[in-house]
Amino acid sequence: MFETLQIEHAGPVATVWMNRPKVFNAFNEQLIADLHQACLQLDADPRVRVVVLGGRGKHFSAGADLNWMRRAAKGSEADNLADARRFAHMLQRLAGMSKPTIARVHGAALGGGTGLAVACDMAVASSDASFATSEVKFGIIPAVISPYVLRAIGPRHALRYFQSAEKISAERALMIGLVNEVTAVEALDAGVAALVEPLLAGGPLAQKAAKDLIEAVKGRPIDAATLEDTARRIATQRSTPEARDGIGAFLDKRPPAWQA
(Lines give C-alpha, C1' and ligand atoms only; values in the text may rest on other atoms or scores of the structure.)
Protein backbone atom coordinates (compact mmCIF):
# COMPACT_ATOMS: atom_id res chain seq x y z
CA MET A 1 0.00 0.00 0.00
CA PHE A 2 2.88 2.39 0.73
CA GLU A 3 5.83 3.01 -1.54
CA THR A 4 8.32 3.76 1.24
CA LEU A 5 6.90 1.90 4.25
CA GLN A 6 6.16 -1.61 5.43
CA ILE A 7 3.59 -2.10 8.18
CA GLU A 8 3.57 -5.25 10.30
CA HIS A 9 0.76 -6.17 12.69
CA ALA A 10 1.35 -8.39 15.71
CA GLY A 11 -1.92 -8.49 17.61
CA PRO A 12 -2.60 -4.97 18.91
CA VAL A 13 0.88 -3.69 17.99
CA ALA A 14 1.58 -2.12 14.59
CA THR A 15 5.19 -1.58 13.54
CA VAL A 16 5.78 0.99 10.82
CA TRP A 17 9.07 0.31 9.05
CA MET A 18 10.63 3.07 7.00
CA ASN A 19 11.83 1.07 4.02
CA ARG A 20 14.47 3.02 2.11
CA PRO A 21 17.55 1.15 3.38
CA LYS A 22 19.74 2.07 0.40
CA VAL A 23 19.58 5.73 1.45
CA PHE A 24 19.47 4.95 5.19
CA ASN A 25 15.76 5.78 5.35
CA ALA A 26 16.40 9.40 4.46
CA PHE A 27 13.08 11.10 3.91
CA ASN A 28 11.75 12.77 0.81
CA GLU A 29 8.31 13.94 -0.27
CA GLN A 30 7.04 10.38 -0.65
CA LEU A 31 8.20 9.13 2.74
CA ILE A 32 6.71 12.20 4.41
CA ALA A 33 3.38 11.62 2.65
CA ASP A 34 3.41 7.89 3.43
CA LEU A 35 4.16 8.45 7.11
CA HIS A 36 1.38 11.01 7.39
CA GLN A 37 -1.14 8.65 5.78
CA ALA A 38 0.02 5.66 7.85
CA CYS A 39 -0.46 7.63 11.06
CA LEU A 40 -3.99 8.57 10.02
CA GLN A 41 -4.90 4.98 9.16
CA LEU A 42 -3.41 3.40 12.27
CA ASP A 43 -4.90 6.02 14.56
CA ALA A 44 -8.34 5.25 13.15
CA ASP A 45 -7.93 1.46 13.53
CA PRO A 46 -9.43 0.33 16.87
CA ARG A 47 -7.49 -2.94 16.68
CA VAL A 48 -4.19 -1.08 17.02
CA ARG A 49 -3.21 -0.19 20.59
CA VAL A 50 0.48 0.69 20.20
CA VAL A 51 2.45 1.99 17.19
CA VAL A 52 6.20 1.37 16.84
CA LEU A 53 8.28 3.33 14.33
CA GLY A 54 11.51 1.73 13.06
CA GLY A 55 13.84 1.71 10.09
CA ARG A 56 14.93 -1.11 7.80
CA GLY A 57 18.62 -1.65 7.17
CA LYS A 58 21.56 -0.22 9.08
CA HIS A 59 20.03 3.03 10.31
CA PHE A 60 16.81 4.46 11.72
CA SER A 61 16.92 7.56 9.50
CA ALA A 62 19.75 9.69 8.17
CA GLY A 63 17.47 12.72 7.91
CA ALA A 64 16.67 14.53 4.69
CA ASP A 65 17.35 12.83 1.38
CA LEU A 66 20.21 14.57 -0.46
CA ASN A 67 18.25 14.80 -3.70
CA TRP A 68 15.34 16.34 -1.79
CA MET A 69 17.74 18.85 -0.19
CA ARG A 70 19.22 19.65 -3.61
CA ARG A 71 15.78 20.35 -5.04
CA ALA A 72 14.94 22.47 -2.00
CA ALA A 73 18.11 24.53 -2.43
CA LYS A 74 17.09 25.35 -5.99
CA GLY A 75 13.46 26.01 -5.15
CA SER A 76 11.76 29.28 -4.34
CA GLU A 77 10.89 30.34 -0.81
CA ALA A 78 7.27 29.40 -1.56
CA ASP A 79 8.34 25.90 -2.66
CA ASN A 80 10.42 25.48 0.50
CA LEU A 81 7.54 26.69 2.64
CA ALA A 82 5.23 24.08 1.11
CA ASP A 83 7.81 21.33 1.75
CA ALA A 84 8.35 22.45 5.33
CA ARG A 85 4.62 22.56 5.98
CA ARG A 86 4.19 18.99 4.76
CA PHE A 87 6.97 17.80 7.06
CA ALA A 88 5.57 19.84 9.98
CA HIS A 89 2.07 18.42 9.52
CA MET A 90 3.42 14.86 9.37
CA LEU A 91 5.34 15.30 12.62
CA GLN A 92 2.27 16.83 14.24
CA ARG A 93 0.18 13.88 13.10
CA LEU A 94 2.73 11.43 14.53
CA ALA A 95 3.04 13.33 17.81
CA GLY A 96 -0.72 13.75 18.07
CA MET A 97 -1.74 10.13 17.68
CA SER A 98 -4.34 9.06 20.21
CA LYS A 99 -2.45 5.88 21.12
CA PRO A 100 1.06 5.30 22.47
CA THR A 101 3.93 5.55 19.99
CA ILE A 102 7.46 4.20 20.39
CA ALA A 103 10.51 5.00 18.27
CA ARG A 104 12.75 1.94 17.78
CA VAL A 105 16.11 3.57 17.05
CA HIS A 106 19.28 1.90 15.83
CA GLY A 107 22.24 3.32 13.97
CA ALA A 108 21.91 6.94 12.89
CA ALA A 109 18.98 9.20 13.65
CA LEU A 110 20.18 12.50 12.23
CA GLY A 111 18.43 15.82 11.66
CA GLY A 112 14.85 14.98 10.79
CA GLY A 113 15.58 11.43 11.95
CA THR A 114 16.07 12.82 15.44
CA GLY A 115 12.82 14.70 14.91
CA LEU A 116 10.95 11.48 14.10
CA ALA A 117 12.33 9.83 17.24
CA VAL A 118 11.28 12.63 19.58
CA ALA A 119 7.89 13.15 17.91
CA CYS A 120 7.02 9.67 19.20
CA ASP A 121 5.81 9.48 22.81
CA MET A 122 8.86 7.48 23.84
CA ALA A 123 12.03 6.09 22.31
CA VAL A 124 14.11 2.98 22.84
CA ALA A 125 17.61 3.07 21.33
CA SER A 126 20.28 0.44 20.85
CA SER A 127 23.74 1.22 22.18
CA ASP A 128 25.01 1.88 18.64
CA ALA A 129 22.46 4.64 18.02
CA SER A 130 23.56 8.22 17.46
CA PHE A 131 21.59 11.43 17.12
CA ALA A 132 22.27 14.96 15.90
CA THR A 133 20.47 18.16 15.13
CA SER A 134 22.96 18.65 12.32
CA GLU A 135 21.18 21.31 10.28
CA VAL A 136 23.58 24.21 10.97
CA LYS A 137 26.30 22.25 9.17
CA PHE A 138 24.28 22.87 6.00
CA GLY A 139 23.52 26.49 6.81
CA ILE A 140 19.95 25.75 7.88
CA ILE A 141 18.16 25.28 11.23
CA PRO A 142 16.18 22.45 12.88
CA ALA A 143 13.04 24.56 12.85
CA VAL A 144 10.28 22.05 12.16
CA ILE A 145 11.61 19.44 14.60
CA SER A 146 12.39 22.01 17.32
CA PRO A 147 9.11 21.77 19.32
CA TYR A 148 9.59 18.02 19.77
CA VAL A 149 13.31 18.22 20.53
CA LEU A 150 12.69 20.95 23.10
CA ARG A 151 9.90 18.89 24.63
CA ALA A 152 12.40 16.07 25.11
CA ILE A 153 15.62 17.80 26.18
CA GLY A 154 14.67 21.36 27.13
CA PRO A 155 16.14 24.67 25.96
CA ARG A 156 19.50 24.40 27.74
CA HIS A 157 20.61 21.26 25.90
CA ALA A 158 19.00 22.52 22.69
CA LEU A 159 21.09 25.69 22.85
CA ARG A 160 24.19 23.50 22.68
CA TYR A 161 23.19 20.92 20.12
CA PHE A 162 21.25 23.18 17.74
CA GLN A 163 24.39 25.31 17.38
CA SER A 164 27.16 22.70 17.63
CA ALA A 165 25.49 19.94 15.58
CA GLU A 166 27.52 17.45 17.62
CA LYS A 167 26.78 13.74 17.42
CA ILE A 168 24.92 12.55 20.51
CA SER A 169 25.66 9.01 21.61
CA ALA A 170 22.93 6.70 22.87
CA GLU A 171 24.32 7.01 26.40
CA ARG A 172 24.29 10.81 26.20
CA ALA A 173 20.82 10.76 24.61
CA LEU A 174 19.53 8.82 27.61
CA MET A 175 21.16 11.25 30.02
CA ILE A 176 19.56 14.35 28.48
CA GLY A 177 16.11 12.83 27.91
CA LEU A 178 16.29 12.33 24.16
CA VAL A 179 15.46 8.63 24.62
CA ASN A 180 13.83 6.67 27.45
CA GLU A 181 15.81 3.44 27.31
CA VAL A 182 19.07 2.15 25.85
CA THR A 183 19.62 -1.55 25.16
CA ALA A 184 22.35 -3.76 23.78
CA VAL A 185 22.19 -3.95 19.98
CA GLU A 186 20.86 -7.50 20.03
CA ALA A 187 18.29 -6.65 22.72
CA LEU A 188 16.56 -3.73 20.98
CA ASP A 189 13.39 -5.61 20.09
CA ALA A 190 13.21 -7.03 23.60
CA GLY A 191 13.55 -3.51 24.97
CA VAL A 192 10.67 -2.31 22.82
CA ALA A 193 8.57 -5.31 23.87
CA ALA A 194 9.26 -4.57 27.54
CA LEU A 195 7.74 -1.12 27.01
CA VAL A 196 4.80 -2.39 24.97
CA GLU A 197 3.68 -4.82 27.69
CA PRO A 198 2.72 -2.22 30.33
CA LEU A 199 1.22 0.04 27.65
CA LEU A 200 -1.22 -2.71 26.68
CA ALA A 201 -2.32 -2.97 30.32
CA GLY A 202 -3.72 0.57 30.30
CA GLY A 203 -7.14 1.67 29.13
CA PRO A 204 -6.93 3.08 25.58
CA LEU A 205 -9.31 5.97 26.21
CA ALA A 206 -7.52 6.79 29.46
CA GLN A 207 -4.18 6.81 27.63
CA LYS A 208 -5.54 9.30 25.10
CA ALA A 209 -6.92 11.42 27.93
CA ALA A 210 -3.53 11.25 29.66
CA LYS A 211 -1.80 12.58 26.54
CA ASP A 212 -4.36 15.38 26.30
CA LEU A 213 -3.82 16.14 29.99
CA ILE A 214 -0.09 16.64 29.51
CA GLU A 215 -0.66 19.06 26.65
CA ALA A 216 -3.23 20.99 28.69
CA VAL A 217 -1.20 21.25 31.90
CA LYS A 218 2.42 21.70 30.78
CA GLY A 219 3.76 25.18 31.38
CA ARG A 220 0.66 26.35 33.21
CA PRO A 221 0.75 27.84 36.71
CA ILE A 222 -0.89 25.82 39.46
CA ASP A 223 -3.70 28.32 39.84
CA ALA A 224 -7.47 28.11 40.26
CA ALA A 225 -8.02 27.56 36.54
CA THR A 226 -5.61 24.65 36.45
CA LEU A 227 -7.14 23.11 39.57
CA GLU A 228 -10.60 23.35 38.04
CA ASP A 229 -9.45 21.95 34.70
CA THR A 230 -7.72 18.93 36.24
CA ALA A 231 -10.67 18.26 38.58
CA ARG A 232 -13.07 18.30 35.67
CA ARG A 233 -10.84 16.01 33.63
CA ILE A 234 -10.70 13.30 36.31
CA ALA A 235 -14.43 13.63 37.02
CA THR A 236 -15.20 13.19 33.32
CA GLN A 237 -12.88 10.23 33.02
CA ARG A 238 -14.28 8.49 36.11
CA SER A 239 -17.74 8.55 34.58
CA THR A 240 -16.72 6.70 31.39
CA PRO A 241 -17.64 3.03 30.83
CA GLU A 242 -13.93 2.28 30.50
CA ALA A 243 -13.19 3.66 33.95
CA ARG A 244 -16.13 1.83 35.52
CA ASP A 245 -14.93 -1.41 33.97
CA GLY A 246 -11.32 -0.78 34.97
CA ILE A 247 -12.16 -0.05 38.60
CA GLY A 248 -14.61 -2.95 38.72
CA ALA A 249 -12.03 -5.30 37.22
CA PHE A 250 -9.49 -4.31 39.85
CA LEU A 251 -11.98 -4.87 42.69
CA ASP A 252 -13.24 -8.14 41.19
CA LYS A 253 -9.69 -9.36 40.46
CA ARG A 254 -10.42 -9.90 36.76
CA PRO A 255 -8.94 -8.48 33.55
CA PRO A 256 -10.63 -5.33 32.21
CA ALA A 257 -12.43 -5.46 28.88
CA TRP A 258 -9.49 -4.00 26.91
CA GLN A 259 -7.30 -6.93 28.01
CA ALA A 260 -9.89 -9.62 27.28
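Biologist: How do the residues lining the second largest pocket divide into nonpolar, polar and charged?

Modeller: There are 16 nonpolar, five polar and eight charged residues in that lining. Nonpolar covers Ala, Val, Leu, Ile, Met, Phe, Trp, Tyr, Cys and Pro; charged covers Asp, Glu, Lys and Arg; the others, Gly among them, are polar. The model is predicted: local features need pLDDT of at least 70, side-chain atom pairs need 80 or more, and totals for chains, interfaces and linings use all residues. Numbering runs from 1 along each chain as its sequence is written, and side-chain values use heavy atoms, without hydrogens and water.

Biologist: What makes a residue part of the lining of a pocket?

Modeller: A lining residue has an atom within 4 Å of a pocket point; a pocket is an open set of points on a 1 Å grid over the protein atoms alone, where a 1.4 Å probe fits, with protein on both sides within 12 Å along at least five of seven lines. The second largest pocket has 29 such residues, with A95, D121, R151, K211 and E215 closest to its centre.

Biologist: Which helix gives the most to that lining?

Modeller: Helix 8, with seven residues. Helix 8 spans 204-217, and helix 4 (112-119), strand 6 (122-126) and helix 5 (146-164) also supply at least two residues each.

Biologist: What is the volume of the second largest pocket, and how much space lies in the largest?

Modeller: About 630 Å³ for the second largest and about 930 Å³ for the largest. The largest pocket is lined by 35 residues, and A64, W68, M69, E135 and I140 lie nearest its centre. Helix 2 (66-74) and helix 3 (77-95) are the elements giving two or more residues to this lining. The largest share, seven residues, comes from helix 2. The lining holds 23 nonpolar, six polar and six charged residues.

Biologist: Why is strand 3 called mostly covered?

Modeller: Six of its six residues, 50-55, are buried, which means under 20% relative accessible area with a 1.4 Å probe, protein chains only. V50, V52 and G54 point one way, V51, L53 and G55 the other, and all are buried.

Biologist: How do you know which strands pair with strand 3?

Modeller: Pairing takes at least two DSSP bridges between two strands. Strand 2 (residues 13-18) and strand 3 have six, in the parallel sense, so they pair. M18 stands opposite G55. Strand 3 and strand 4 (residues 101-105) have three, also parallel, so they pair too. There V52 stands opposite I102.

Biologist: What makes the unit of strand 2, helix 1 and strand 3 right-handed?

Modeller: With the strands pointing away from the viewer, the path from the first strand over the helix to the second runs clockwise. Here helix 1 (residues 29-44) is the helix of that β-α-β unit.

Key: Grid points are joined across faces, edges and corners, and a volume is the space filled by probe spheres set on the points. Helices (H or I, at least four residues) and strands (E, at least two) are DSSP runs, numbered from the N terminus. Buried means under 20% relative accessible area, exposed over 50%, partly exposed in between (1.4 Å probe, protein chains only).
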